[in-house]
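Thanks for coming. I will walk through one structure this morning, and you can follow along on the screen.

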Amino acid sequence: MTDVAETGFAIHPMDQFIVKRFFCDAAHADCTSNIKWYEITNVTVWMAVAVLAIIALMVLGSRGRAVIPTRLQSMGEMIYGFIYKMVEDVTGHDGVKYFPYVMTLFLFILFSNLLGLIPMSFTTTSHVAVTVTLALLVFLGVTILGLVKNGIGFLGMFWVSSAPLALRPVLAVIEVISYFVRPVSHSIRLAGNLMAGHAVMKVFAGFASMAVISPVAVGAVTAIYGLELLVAVVQAYVFTILTCVYLKDAVGGAHH
Amino acid sequence: MATEAHEAAAGAAGHSAGMPQLDISTWANQIFWLVIALVVIYFVLSRVALPRIGAVLADRSSTITNDLAAAEELKQKAVAAEKAYNAALEKARADAGRIVAEAKAEIQADLDKATAQADVEIAAKGAESEARIAEIRAGALESVTEVAKDTAKEIVAALGGKADARGITAAVTAKLKG
């Protein structure tokens with residue numbers, strides 16, 4: 001804040017991502033260093049808001065159990081039907097029993113992304129720690145499930161039997177590498193998209209303090225906000241459908 | 001650890017150079033709360049929300065199916081009722097036709113009987129009349145013989161002759177026969 005006073009113009013696009021203690025006054029105390037794992041931070045608060053929003057939509061919305069649904073119930077049913085169909089289409093009939101887990105991921109990411117678009121809020125899914133955890137849960141879950149269900153045959157998916165014999169070892173190496181790169185791309189895609197979008201928005205918002213270009217900057221912030229709304233939903237969708245695709249390898253057996 | 005804390009402090013001061021995402025010191029906190037959030041969402045969804053919404057969707061689709069089936073059944077009933085109505089109409093028409101035919105036949109029979117009786121009566125009357133005519137004719141012939149005899153006698157008397165009754169009768173009879 002001293003910088004602003006000195007230069008009159010400063011943009012700190014990354015400050016919005018700082019994790020800090022929630023019940024803490026920055027003027028009198030250090031709110032960011034040595035944060036213990038159990039402390040209540042802005043991450044905790046915004047995750048809690050997401051959980052409450054999900055409960056409001058999915059539990060309170062369907063409270064009436066109405067055959068002719070209310071608007072809220074209708075939204076919950078639409079999301080249910082959308083994800084259920086996705087799981088069924090991509091993973092097949094055997095994958096349907098993992099539907100609650102996929103639904104959990106989708107709703108958490110969707111609500112975190114959308115809540116992050118509220119001004120002054122905190123975007124939990126813009127943090128690599130969060131997305132890496134989500135991606136590793138999927139990766140480890142799928143790998144363990146595949147090994148348990150298919151045994152050693154699960155490794156057969158690295159052996160491309162439709163390729164010429166000479167090429168198979170090479171392809172197997174590539175397949176193994178691409179398999180282990182999955183959680184990296186899976187997590188960085190989500191965090192990167194959100195972080196970049198929010199940072200760009202902040203940069204344009206910072207330019208709005210310059211009188212000459214402020215109309216352009218405000219217009220740009222508005223346009224990017226619309227784009228970010230799209231990105232928030234699309235990234236939740238992408239993460240979910242990739243989860244389904246990976247899940248298919250485990251439940252559908254080895255196809256190649 | 002000390003340098004990380006220093007960096008975080010610098011970030012809080014508003015001129016951080018690095019990305020807060022890469023500040024490993026906050027990861028434990030984020031991951032801990034993330035796992036709690038996911039577990040809560042998972043249990044709420046799998047225990048309450050998803051079974052409930054699934055049941056509502058199943059209810060709705062079964063309601064729709066039942067309504068469609070009921071509509072189909074009612075339609076079938078309507079078709080059956082129409083068929084029964086048409087059959088009844090057809091039967092009534094046939095009955096009416098049969099009754100008309102019966103009545104016609106009966107009338108015809110009565111008529112035939114009456115005609116036959118009338119014919120018989122007419123024939124009887126005719127025969128009687130013929131008998132009467134024959135009788136009258138016979139009577140007339142006899143009368144003619146007598147009148148002729150009488151007239152002949154009178155004529156003979158008028159001419160001054162003596163009427164021989166037997167001769168005249170024989171002559172008249174011969175004349176009439178001839």
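I will start with chain B, go on to where chains A and B meet, and then look at some parts of chain A. One thing to keep in mind is that this is a predicted model.

Chain B first. How many helices and strands does chain B have? The secondary structure of chain B consists of three helices and zero strands. Following the sequence, the pattern is α-α-α. Chain B has 178 residues, and 11% of them are buried.

Now the place where the chains meet. On the chain B side, 39 residues are in contact with 49 residues of chain A. Two helices of chain B, α1 (2-12) and α2, each contribute at least two residues to the side that touches chain A. Helix α2(B) provides the largest share of that side, with 26 residues. Sorted by class, the side of chain B that touches chain A has 25 nonpolar, 11 polar and three charged residues.

Let me take one helix pair from the two chains. Helix α5 of chain A, residues 128-150, and helix α2 of chain B, residues 27-158, have axes that come within 9 Å and cross at roughly 50 degrees. At that angle, α5(A) and α2(B) are oblique to each other, because an angle counts as oblique when it falls outside the ranges for roughly parallel, roughly antiparallel and roughly perpendicular. The crossing of α5(A) with α2(B) is right-handed. From α5(A), the contact involves A129(A), V130(A) and T133(A), and from α2(B) it involves W27(B), Q30(B), I31(B) and L34(B). The residues in this contact of α5(A) with α2(B) are five nonpolar, two polar and no charged.

Next, helix α2 of chain A. How many residues does α2(A) have, and what does it reach from its first C-alpha to its last? Helix α2(A) has 19 residues and spans 25 Å between those two atoms, which is close to the 27 Å expected at 1.5 Å a residue. Which residues of α2(A) are buried? They are V43(A), T44(A), W46(A), M47(A), A50(A), V51(A), I54(A) and M58(A). The cover over these buried residues includes α3 and α4 (99-115) of chain A, together with α2 of chain B.

The packing of α2(A) with α4(A) can be described further. Their axes are 9 Å apart, and the two helices pack at an angle of about 115 degrees. Helix α2(A) passes α4(A) in a right-handed crossing. On the α2(A) side we have W46(A), V49(A), A50(A), A53(A) and I54(A), which meet L107(A), F108(A), F111(A), S112(A) and L115(A) in α4(A). By class, this contact of α2(A) with α4(A) has nine nonpolar residues, one polar residue and no charged residues.

Still in helix α2 of chain A, residues 42-60, there is L57(A). Is L57(A) buried, exposed or partly exposed? There are 18 other C-beta atoms within 10 Å of L57(A), so it is partly exposed; being buried takes 20 or more. Setting aside residues up to four places away in sequence, L57(A) touches L72(A), M75(A) and G76(A). As for V128(A), it is 71 residues from L57(A) in sequence, and the two are 27 Å apart in space, C-alpha to C-alpha.

Another residue to point out is E88(A), in helix α3 of chain A. E88(A) has 14 other C-beta atoms within 10 Å and is therefore partly exposed. Leaving out neighbours within four places in sequence, E88(A) is in contact with H93(A) and V96(A). E88(A) and C244(A) are 156 residues apart along the chain, while their C-alpha atoms are separated by 9.0 Å.

Last, two loop residues of chain A. Most residues other than glycine have a negative phi. N34(A), though not a glycine, has a positive phi, near 55 degrees. N34(A) lies in the loop between α1 (2-7) and α2 of chain A, and it counts as partly exposed, with 14 C-beta neighbours inside 10 Å. R65(A) is not a glycine either, and its phi is positive at about 50 degrees. R65(A) is in the loop between α2 and α3 (71-91) of chain A. With 12 C-beta neighbours inside 10 Å, R65(A) counts as exposed, because the cut-off for exposed is 12 or fewer.

That is what I wanted to show.

Notes
Residues numbered from 1 in each chain as written. Chains lettered and ligands numbered in written order. Predicted model: local features only at pLDDT ≥ 70, side-chain atom pairs only at ≥ 80, totals over all residues. Helix = DSSP H or I, 4+ residues; strand = E, 2+ residues; numbered from the N terminus. Contact = placed C-beta atoms within 7 Å. Axes fitted to C-alpha atoms, helices over the stretch in contact; angles between N-to-C directions. Parallel < 35°, antiparallel > 145°, perpendicular 65-115°, else oblique. Left-handed = near helix turned anticlockwise from the far one by under 90°. Nonpolar A, V, L, I, M, F, W, Y, C, P; charged D, E, K, R; others polar. Expected span 1.5 Å × (residues − 1).
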